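Thanks for coming. I will go through one model this morning, starting with a term we need and then moving from part to part.

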Amino acid sequence: MQYSDHFRLPDDIDDTALVHITQNSPKAEVEELHQLCQNFLHQLPNREPVYCTWFGKNMPTETDLCALLNLMYLFNQYQIPYSKIDINTYNYLAEQITNVLRQPFQLARHYAHPALILYHYTRLISKFSTPLDHIRTTLLQEIHKTLETPHPPMFRILLETSLMKLGETRPPLNDFSDKDFYTFIGAPLAPFPSLFKWASLPAYQMFWTSKIHNFALIAEYQYYSDA
């Protein structure tokens, strides 16, 4: 049984942020979370530390762009004053926007598709004024670059929704199939440096999807398309 502990996920910033966002938690709880996060950091090479994905004991430190974007969304929703680590995190997010198409797994291994990552950038930037405001044009360019490559319909829906959230008018889509679509990846080999090259291969990953979530994403697209 002790070996199963390795695969037991501890608390993380991603799920924690989404729970607080959806439950409309009291501001005091979010302020307490913000203070807690200052103690769980990831020291990136040649950069200032940013928030670590995991709160758990004996977990490797790592970052995930989408998890960071969800956490920043929460802190902005509750108007939490920026800390030094917040600014470091924004700087890191800004630096990585042009690497999303080339390194999606390395930058956000739990999402690992450019459409999902760019959608998370858009959700924050289109909603709040943040230190990421200056990359808005770059974000639009990266979304358009991603659309130049064929993707399953639901990934295209995310990209089209993102463009509309950022103010563009888009031609309507008529394919809403969710075939080959996922919203989260499990990569159990990724924490092992010697196995990381295998962790990025689909054969060693678990893909999660939800019909209800997919319907919500389609409804969001139709809302912006009809606006």
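A residue is called buried here when its relative accessible area is under 20%, exposed when that figure is over 50%, and partly exposed in between. By that cut-off, Arg 109 and Glu 62 are both buried. Please keep in mind that this is a predicted model.

I start with that pair. Arg 109 and Glu 62 form a salt bridge, with 2.7 Å between the closest N and O atoms. Arg 109 sits in the loop between H5 and H6, and Glu 62 in the loop between S2 and H3, so the salt bridge ties together parts that are 47 residues apart in sequence.

Next, the surroundings of that pair. Thr 53 is in the loop between S2 and H3. Is Thr 53 buried or exposed? Its relative accessible area is 3%, so Thr 53 is buried. Leaving out residues up to four places away in sequence, Thr 53 touches Glu 62, Thr 63 and Asp 64, and also Asp 12 and Ile 13.

On the other side of the salt bridge, Ala 108 lies in the loop between H5 and H6. Its relative accessibility is 0%, and Ala 108 therefore counts as buried. With the same sequence neighbours left out, Ala 108 has contacts to Asp 64, Leu 65, Cys 66 and Ile 117. For Cys 66, the C-alpha atoms are separated by 6.3 Å, although Ala 108 and Cys 66 are 42 residues apart along the chain.

Asp 64 has come up twice, as a contact of Thr 53 and as a contact of Ala 108. What does Asp 64 do at the N-terminal end of H3? Asp 64 caps that end, with a side-chain oxygen 3.0 Å from the backbone nitrogen of Cys 66.

That brings me to H3 itself. H3 has 13 residues and spans 18 Å from its first C-alpha to its last, close to the 18 Å expected. Of the 13 residues, 12 are buried; among them are Leu 65, Cys 66, Asn 70, Tyr 73 and Asn 76. The buried residues of H3 pack against helices H1, H2, H4, H5 and H6, and against strand S2. After H3 comes Gln 79, which has a positive phi, near 55°.

H6 can be described in a similar way. Helix H6 covers residues 114–125, which is 12 residues, and reaches 16 Å between its first and last C-alpha, close to the 16 Å expected. How many of its residues are buried? The count is 11 of 12, and the buried set includes Pro 114, Ile 117, Tyr 119, His 120 and Tyr 121. Ile 117 is the residue we met as a contact of Ala 108. The buried residues of H6 pack against H3, H4, H5, H7, H8 and H10.

H4 is a packing partner of H3 and of H6, and I have one residue to show there. Asn 88 is in H4 and counts as buried because its relative accessibility is 6%. Which polar partners does its side chain have? One is the side chain of Lys 84, at 2.8 Å. Another is the backbone oxygen of Pro 49, 2.9 Å from a polar atom of the Asn 88 side chain. Apart from residues up to four places away in sequence, Asn 88 touches Glu 48, Pro 49 and Val 50.

Now back to salt bridges. The whole structure has 10 of them. One of these joins the side chains of Arg 47 and Glu 95 at 2.5 Å, N to O. Arg 47 is in the loop between strands S1 and S2, and Glu 95 is in helix H4, so this pair ties together parts that are 48 residues apart in sequence. Arg 47 is partly exposed at 31% relative accessible area, and Glu 95 is partly exposed at 42%.

Arg 170 and Glu 168 make another salt bridge, at 3.7 Å between the closest N and O atoms. Arg 170 is partly exposed at 21%, and so is Glu 168 at 26%. These two belong to a salt-bridge network that also holds Arg 156 and Glu 160.

Last, the surface. Trp 198, Leu 201 and Tyr 204 form a nonpolar patch with about 280 Å² of accessible area together. Tyr 204 is in the loop between helix H9 and strand S4, and is partly exposed, with a relative accessible area of 39%.

That is what I have; I will take questions now.

Technical notes: Residues are numbered from 1 along each chain as its sequence is written. This is a predicted model: local features need pLDDT of at least 70, side-chain atom pairs count only at pLDDT 80 or more; totals for chains, interfaces and linings use all residues. Side-chain values use heavy atoms; hydrogens and water are left out. Helices (H or I, at least four residues) and strands (E, at least two) are DSSP runs, numbered from the N terminus. The expected span of a helix is 1.5 Å times one less than its number of residues. Buried means under 20% relative accessible area, exposed over 50%, partly exposed in between (1.4 Å probe, protein chains only). Contact means heavy atoms within 4.5 Å. Patches are made of residues with over 30% relative accessible area and no salt bridge: like charges are joined within 9 Å, nonpolar side chains (Val, Leu, Ile, Met, Phe, Trp, Tyr) within 5 Å. Accessible areas come from the Shrake-Rupley method with a 1.4 Å probe; for residues, only the protein chains shown count as cover. A salt bridge is a side-chain nitrogen of Lys or Arg within 4 Å of a carboxyl oxygen of Asp or Glu. A polar contact is a pair of N or O atoms within 3.5 Å; within protein, one must be able to donate a hydrogen and the other to accept it, and residues adjacent in sequence count only if both atoms are side-chain atoms.
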